[in-house]
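These are my notebook entries on a structure that I am opening for the first time. I write down what I looked up, in the order in which I looked.

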Amino acid sequence: METNAARLQESMEEMARIGATPGGGVHRLTLSDADREARDLFARWSKEAGLSVTVDEMGNMFARRQGTDESAPPVMTGSHLDSVPNGGRFDGALGVLAALEVVRSLNDAGTPTRHPIEIVNWTNEEGPRFPPSMLGSGVFAGAFQRDFAYSIQDATGKKFFDELERIGYLGDLPCRRRPIAAYVELHIEQGPALITEGKQIGVVEGIRGLTWLRITMKGERDHAGPTPMHMRRDALAGAARAISAVREIPGKLHPDLVATVGEVNVSPNAINVIPGQVTFSVDIRHEDESILKRAEELVLQAAKDAAGWEGLDMEVDRIGGSSPMPFDAWITATIDDACMKEGCSSLRMWSAAGHDARYAADLCPTAMIFTPSVGGKSHAEDELTTWEDVFMGCRILGRTILSLAQQS
Ligand code: HGY
Ligand code: MN
Ligand code: MN
């Protein structure tokens with residue numbers, strides 16, 4: 001099945017202009033004006049390709065190509081168009097636009113498929129603005145309640161529901177699970193494995209679990225000058241002690257364990273005021289549930305000790321989490337077969353990044369296809385995948401979708 005590389009590159013470059021940042025990345029936070037613009041463009045392109053576009057009550061977008069058997073469950077593919085703050089232009093967009101290229105190519109070739117094909121753009125895959133991540137796919141799969149999602153507020157107090165309505169993507173289609181024949185998502189690896197091993201394609205056979213915490217340390221704000229050191233309850237001093245302890249935990253527990261403090265909010269964040277309150281995030285990931293749990297216990301213990309050392313009160317919010325999930329052997333075998341037919345090298349691997357495929361896997365046979373990330377870099381403006389690897393990823397996706405959609 002031939003795909004059109006030039007057309008895919010053009011679509012990726014046009015999409016990357018939405019929310020483009022000076023450093024060559026994109027800033028397209030969930031439910032922002034840039035997100036709306038990206039959604040509008042995806043909807044226009046989908047309709048031009050003869051697809052029917054529906055939007056559900058979480059703003060998830062489904063672009064459907066009819067099958068010869070409309071009663072058959074669809075083969076679903078896609079990813080997300082939102083980004084992290086000043087993120088990369090391949091994360092998510094590759095999966096949505098390569099899927100669109102596959103459908104455009106099937107149309108060019110006049111190739112019918114028995115199963116309908118649905119390209120999905122999931123809402124709020126990333127999560128920084130409205131945690132937790134993978135929210136749209138999580139509500140669809142029943143991992144989160146819709147009204148919980150609607151109530152989430154961003155750092156400025158704006159509510160998810162109001163922002164979804166404001167950008168015009170509060171659909172009336174119920175956001176709930178329905179029969180799906182299979183789900184396959186193309187995504188950049190966002191890590192160093194493929195580039196280090198010199199492999200062109202990742203055949204992803206599972207996805208790590210992740211835990212997201214927000215920890216608040218409460219002390220006593222006071223004057224930075226006259227307050228003697230022994231009289232202080234410095235929330236930032238306690239948080240800093242906890243944060244450096246978090247950094248040490250993976251080394252104590254398991255070589256594949258990762259723990260990250262990515263957000264810190266200091267109040268009042270003024271040079272001459274002893275901080276009264278600090279909130280920081282903790283992101284923990286591993287493919288073994290028991291190690292993930294043990295890591296969370298060690299993080300909480302370290303935070304508790306740090307708070308006690310500085311005489312602080314502490315609150316913990318568990319703001320997200322998903323268990324590790326193996327993907328489906330039938331789908332990974334189909335991807336392997338596509339790689340063999342394309343004559344490309346491949347590597348079986350697990351995903352260390354979170355993806356909507358995690359929740360799709362609760363509903364139907366699911367797997368992912370990875371393309372290499374240059375330098376293993378992602379969630380940064382210099383995130384890069386070569387066009388050659390983008391096109392190979394699209395061809396593997398096309399072969400895989402075609403094989404799955406012709407199944408009886
Ligand atoms: O956090 C993640 O792994 C994904 O990029 N949302
Ligand atoms: Mn992504
Ligand atoms: Mn991401």
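Is Cys-344 buried or exposed? I looked this up before anything else and found a relative accessibility of 10%, at which Cys-344 counts as buried. I note here, for all the entries that follow, that this is a predicted model.

**Entry on the cysteines**

I then searched for disulfides and found that the structure holds zero of them. For Cys-344, the nearest cysteine sulfur belongs to Cys-339 and is 3.8 Å away, and Cys-344 is in no disulfide. The cut-off matters for this reading, because a disulfide is counted only when a pair of cysteine sulfur atoms lies within 2.5 Å. I also checked Cys-175, which is in no disulfide either and has the sulfur of Cys-364, 15 Å away, as its nearest cysteine sulfur. Cys-175 is buried as well, with a relative accessible area of 6%.

**Entry on the manganese ion (ligand 2)**

Which residues coordinate the manganese ion (ligand 2)? I found His-80 through NE2, Asp-91 through OD and His-187 through NE2, at distances of 2.1 to 2.2 Å. Along the chain, I wrote the spacing of these donors as H-x10-D-x95-H. Asp-91 sits in the loop between β3 and α3, while His-187 belongs to strand β5 (residues 182–188), and the pair, 96 residues apart, links distant parts of the chain. When I looked up their accessibility, both Asp-91 and His-187 came out as buried, and for Asp-91 the relative accessibility is 6%.

**Entry on the manganese ion (ligand 3)**

I went on to the manganese ion (ligand 3), which is coordinated by an OD atom of Asp-91, by Glu-126 listed twice through OE, and by NE2 of His-379, at 2.1 to 2.7 Å. The donor residues follow the spacing D-x34-E-x252-H in sequence. Asp-91 appears in this site too, and I recorded that it bridges the manganese ion (ligand 3) and the manganese ion (ligand 2), which lie 3.4 Å apart. Why does the pair of Asp-91 and His-379 tie together parts that are 288 residues apart in sequence? The reason is their placement, because Asp-91 lies in the loop between β3 (75–79) and α3 (93–109), whereas His-379 lies in the loop between β16 (366–371) and α12 (387–405). His-379 counts as partly exposed, at 42% relative accessibility, whereas Asp-91 counts as buried.

**Entry on ligand 1**

Around ligand 1 I listed Glu-125, Glu-126, Arg-285, Ala-353, Gly-354 and His-379. Glu-126 and His-379 were already in my notes as donors to the manganese ion (ligand 3). I then looked at polar contacts, and found a polar side-chain atom of Glu-125 at 3.1 Å from a nitrogen atom of ligand 1. The side chain of Glu-126 likewise has an N or O atom 3.1 Å from a nitrogen atom of this ligand, and His-379 places a polar side-chain atom 3.1 Å from an oxygen atom of ligand 1. Of the 210 Å² of accessible area that ligand 1 has on its own, the protein covers 95%.

**Entry on the backbone**

Most residues other than glycine have a negative phi, and most peptide bonds are trans. With that in mind I looked for exceptions, and noted a cis peptide bond between Pro-131 and Pro-132, with omega about 10°. Pro-132 lies in the loop between β4 (117–121) and α4 (135–141). Met-134 is found in the loop between β4 and α4 too, and has a positive phi of about 55° although it is not a glycine. Met-134 counts as buried, at 2% relative accessibility.

A cis peptide bond also joins Ser-267 and Pro-268, with omega about 10°, and Pro-268 is in the loop between β10 (264–267) and β11 (273–274). Asn-86 has a positive phi near 50° and is found in the loop between β3 and α3, which is where I had placed Asp-91. At 36% relative accessibility, Asn-86 counts as partly exposed.

**Last entry**

Where does Ala-329 lie? I found it in helix α10 (residues 329–342), and it is exposed, with a relative accessible area of 58%. From Ala-329 to Ala-367 I noted 38 residues in sequence and 8.3 Å in space, C-alpha to C-alpha.

Note on methods. Residues numbered from 1 in each chain as written. Chains lettered and ligands numbered in written order. Predicted model: local features only at pLDDT ≥ 70, side-chain atom pairs only at ≥ 80, totals over all residues. Heavy atoms only, no water. Buried < 20%, exposed > 50% of the residue type's maximum accessible area, 1.4 Å probe, protein only. Donors = N, O, S within 2.8 Å, 3.2 Å for Na, K, Ca; no water. Helix = DSSP H or I, 4+ residues; strand = E, 2+ residues; numbered from the N terminus. Near = heavy atom within 4 Å. Polar contact = N/O pair within 3.5 Å; in protein donor to acceptor, adjacent residues only side chain to side chain. Areas by Shrake-Rupley, 256 points an atom, 1.4 Å probe, with all protein chains shown as cover.
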